[in-house]
Amino acid sequence: MAGEGAPAAHTGEPLWMLRVNPLPRVRLADAVLAALLGEVCAAENEVEAAAELCSAELHQLIGATDDPGERGPLIALRRDIHNDRVPRGGDDPVPAVARWRAARTLRDTLRDTLNREYPQAADRERNRLAGLLADDDLRCSLALVAPEVAAAADRYRAALDDEGKLSARLRKSERGLVQYVTRAMIRTSPLSRFTAVGLVPPGPRGVALGEVTAVGAVPVIGLDRIMLHYVLGGLRYEATPERPVRFDDWVQLPPTSEFGPNREKLMFLQPAGGQIRRLSTSVAGPVRPMLNAVALGARQVSAVAAEVVGEFGCSAEDALTAVRGAVRAGILCLSDGPEDGELSFRTALDRPGLPSAPLLGEVNRLLPEVAAAPAGQRATVLTRLRGTLADLSHRAGRPAQVLVEEDYVLPSMTVDTAPWGAALDDLAAVVELLSVFDRLHDIRAVLSSIFVEWYGAGAEIPLAGHAERIAAEVYRRGGSLDGDIPQDGGPADGSLGRLHRLRLDVLARMRRTLTAAGPDARDVVLTAQEARSLVAALPDRFRQDPLAYGVLVQPWQDRLLFNDAYAGHGMLYGRFLGADRELGGRALPYLAERLKLQYGSDGRRVAEDLGLHRLNVNAHARVLPDGIDAEGWATLRLAHDPATDALCVRDAEGRDLRVLTLGSGHPEFLPAPVRIAAWLVSGGRLMEDFVGDWHASAGGSGGATQVCPRVSVGRAVLARRRWYGGAELAEAVTAGREETDRLRALARWRARHGAPAEVVLKTPLEDTYGTEALQAAAALGFGAEEHRQRQKPQYADLESAVSVRVLPRLMERRSPGYLEEALPAVADSRHAAEWVVEIARTAGAPFSYGGKTA
């Protein structure tokens, strides 16, 4: 039931989401090695400083010496010191030479010590890595998501336990092992047991933001609902494969099919005679209305046939014949009925009347076994479960890989937000600043412009029938993810042009602010008032609707570190609501109350989209009493309000409606009608990079390292310090022939530029998601997903022998980017933790936390 139970006491504050990693944080760097590196680096710097002093003093002495016989040895001595060579003579003609000799002797001694200590230090680090790899939660996660890495980790640990030595093959595996261990220690992202998740209402006596653990987390094992539903659809008719399709049957678009460019062709799989053929068909004739009918989910054959009748005026029997032909061909497939994103797997798999009931019962039995199995036995249980799922797919005649998934969910708790009021106000100012760059402002503006051009002011049209054409026009006008809608492409009031000019002005003012701070600045701090004043000229069109963002933050000292921001209204945590409810949590009714307050206070009807749309992330427990399913979408209309020159969705009774999607945060992955409804109500990802823009505008040769300051708005850190390493860093990463050469070179590079040992390798967003970057990756043989995976933020410890050993390969696999300070550092907290907090505004108001005004 939607929002069932008495609502949790609502404070007016939004629901928080906690993401915390169970693996305790520890640096790989060996303490003895790190201390030696510091000493060597200081000695290197002393040799360099003494050499510069020698050069100056000898230059002066050479100039004052007339005798060529005396000048020659002085010149040779100066050259030897400059080139860091042992001088041929033993004299010290100026005091600085003695200083240089002493410094060089100490440095060489320390280098020798470093070289002697390095193998033992590296062994200690490898044993520490092996200890981390033995963590039960990590082993369980690897067994599920990366079984090959899990096997490599077991071999690595066994080799160190048995002989204390690693083969060349096992050393080669260190890069992958380091990546997974540091991901489990540093980066929070819900996946198996790498990260535990809690849905946390604010409340008195709650947990402190910076003092959280994953203690008590419960594993929740599930299956890919999209593929499971597909397989169940085949099993439902397993006993009667030759039965003709009837009007009361359900059909759907197979999840294994995909549309070609502009939806002109459909590629689909046709099982026949024990083989699978990949075919295609034009989206034309009766195929078009059939596909349109199931675009938003499974429909009864009667509804699909009615679409064919409506378009071609044929009889219902002729339309049924067309649907039967589409099912025989594989264009459509029989379905298990309407999708249900919150149906328990135990219920879904309990089919006593089906021939495959014993196998389905085996899956039901194995799911809790996966959760309960010790780490060493999990792989065996998973193999049995996956084998049973493969058997079911074969019996269904449906080529499907039903993935096994796991969430790690924390029991109910509350969070104490009282100490963070000022920081949250500053965070709201950050959102106010960044929201100006939200591409969905442009999308909403161009949507209104297209609608008025095509249908006229005040018009109202069926949404489902026109959505595909409207969305295609949005993209044609520059509305794709990395497109650029021209400033004259918006409404007649010129508001889009004013928005674009405001963005340029904000960027220019931020560049001036960063430049004025000077080259040695570590922190650039704006007040919340200054940040808001930068965007005070935002046209009213872009303030007139409620808007929310889910902001990812980490507490650090008394500050909040901004990590990212996506659409709000629970999109980032919808999939965990059911598990939270099962564990006694009150997040679901708390969120339901929040959504009604946020989006329905002006009298509009608020509903949630119930479809899965071939995306498992859309599956969630129902939150609102009002829901829109595939049948409901067919009744909705798109209307233009002349008073505001904005579009809205209307229901069959003429009520204005806001439809919220509580799963995928990427509207482009949704069917066109849902996409347009999401465009009208959602925020997009906030990813304007002021520091990156400033760095790019400054130019530079790409040789020397460029240092960029930390940027904050009050107590909210908008951007961490970063270093564009250039050729200087590249040379340090690949320095010398010995592994200690790289460690020393990196230590000196850090000392020159004030960089910490703990850093994160990052790639600019345009080089991760942009069309040009993806095309370049494709030319090298990498798919889009593989390219994006390679650009994930990667923690590195530049004082660690093992980390620095694999660093060149890590950097080779990435696009050029920068290093960022790893805040919070490992020593700042025992567990990596991140919070998602909603920052929102009501219509016409500034962004705030919990309904407060700035």
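**Exercise 1. Find which strands helix 16 lies across in this predicted model, and the angle at which helix 16 runs to strand 18.**

Solution.
Step 1. Locate helix 16 at residues 439-455.
Step 2. Look at what helix 16 lies across: strand 12, strand 18 and strand 19, the last being residues 646-650.
Step 3. Take the angle to strand 18. Helix 16 runs at about 95 degrees to strand 18.

**Exercise 2. Work out the strand order of the open sheet with six strands, then name the strands at its edges.**

Solution.
Step 1. The order is 12-18-19-20-16-17, and the pairing is mixed.
Step 2. Check the ends. Strand 12 (460-462) and strand 17 (627-628) each have a single partner strand, so one side of each is left without a neighbour in the sheet.
Step 3. Follow strand 12 to strand 18 (residues 637-641). These two pair in the antiparallel sense, over three bridges.
Step 4. Pick out one bridge. Pro-462 has Arg-637 of strand 18 as its bridge partner.
A general reminder: strands of a sheet pair through backbone hydrogen bonds, either parallel or antiparallel.

**Exercise 3. Describe the open sheet of three strands and find the bridge partner of Glu-258.**

Solution.
Step 1. The order is 6-7-8, with antiparallel pairing.
Step 2. Strand 6 (258-259) and strand 8 (275-282) are the edge strands, and each pairs on one side only.
Step 3. Strand 6 meets strand 7 (residues 265-272) over two bridges, in the antiparallel sense.
Step 4. In strand 7, Met-267 is the bridge partner of Glu-258.

**Exercise 4. Decide how well strand 25 is covered, and trace its pairing with strand 26 and strand 27.**

Solution.
Step 1. Strand 25 spans residues 758-762. Four of its five residues are buried, so the strand is mostly covered.
Step 2. Turn to strand 26 (residues 794-797). Strand 25 pairs with strand 26 in the antiparallel sense over four bridges. Here Leu-761 stands opposite Gln-794.
Step 3. Turn to strand 27 (residues 818-821). Strand 25 pairs with strand 27 over four bridges, again in the antiparallel sense. Val-759 has Glu-821 as its bridge partner in strand 27.

**Exercise 5. Classify the packing of helix 1 and helix 2, and sort the residues of their contact.**

Solution.
Step 1. Helix 1 covers residues 31-64. Its axis lies 10 Å from that of helix 2, and the packing angle is about 165 degrees.
Step 2. Angles over 145 degrees count as roughly antiparallel. The two helices are therefore roughly antiparallel to each other.
Step 3. Helix 1 passes helix 2 in a left-handed crossing.
Step 4. List the contact. Helix 1 gives Ala-51, Cys-54, Ser-55, Leu-58, His-59, Leu-61, Ile-62 and Gly-63. Helix 2 gives Arg-71, Leu-74, Ile-75, Leu-77, Arg-78 and Ile-81.
Step 5. Sort by class: nine nonpolar, three polar and two charged.

**Exercise 6. Is Leu-74 buried or exposed, and what is Leu-74 in contact with?**

Solution.
Step 1. Leu-74 is found in helix 2, residues 68-82.
Step 2. Its relative accessible area is 10%. Buried means under 20%, so Leu-74 is buried.
Step 3. Leave aside neighbours within four places in sequence. Leu-74 is then in contact with Leu-58, Leu-61, Ile-62, Thr-65 and Pro-93.
Step 4. Compare Arg-187, which is 113 residues from Leu-74 along the chain. Their C-alpha atoms are separated by 57 Å.

**Exercise 7. Describe how helix 3 packs with helix 1 and with helix 7.**

Solution.
Step 1. Start with helix 1. Helix 3 (residues 95-133) packs with helix 1 at an angle of about 160 degrees, with axes 8 Å apart. That makes the two roughly antiparallel.
Step 2. The crossing of helix 1 with helix 3 is left-handed. Their contact divides into 22 nonpolar, one polar and 11 charged residues.
Step 3. Go on to helix 7 (residues 174-186). The axes of helix 3 and helix 7 come within 11 Å and cross at roughly 60 degrees. These helices are therefore oblique to each other.
Step 4. Helix 3 passes helix 7 in a left-handed crossing. Arg-126, Leu-129, Leu-132 and Leu-133 of helix 3 make the contact with Glu-174, Leu-177, Val-178, Val-181 and Met-185 of helix 7.
Step 5. By class, this contact of helix 3 with helix 7 has seven nonpolar, no polar and two charged residues.

**Exercise 8. Is Glu-772 buried or exposed?**

Solution.
Step 1. Glu-772 lies in helix 28, residues 771-779.
Step 2. The cut-off for exposed is over 50%. Glu-772 has 68% relative accessibility, so Glu-772 counts as exposed.
Step 3. Add a distance. Glu-772 and His-753 are 19 residues apart in sequence and 32 Å apart in space, C-alpha to C-alpha.

Technical notes. Residues are numbered from 1 along each chain as its sequence is written. This is a predicted model: local features need pLDDT of at least 70, side-chain atom pairs count only at pLDDT 80 or more; totals for chains, interfaces and linings use all residues. Side-chain values use heavy atoms; hydrogens and water are left out. Buried means under 20% relative accessible area, exposed over 50%, partly exposed in between (1.4 Å probe, protein chains only). Contact means heavy atoms within 4.5 Å. Axes are lines fitted to C-alpha atoms, for helices over the stretch in contact, and angles run from 0 to 180 degrees between N-to-C directions. Angles under 35 degrees count as roughly parallel, over 145 as roughly antiparallel, 65 to 115 as roughly perpendicular and the rest as oblique. A crossing is left-handed if the near helix is turned anticlockwise from the far one by less than a right angle, and right-handed if clockwise. Ala, Val, Leu, Ile, Met, Phe, Trp, Tyr, Cys and Pro count as nonpolar, Asp, Glu, Lys and Arg as charged, and the others, Gly among them, as polar. Two strands pair if DSSP finds at least two bridges between them.
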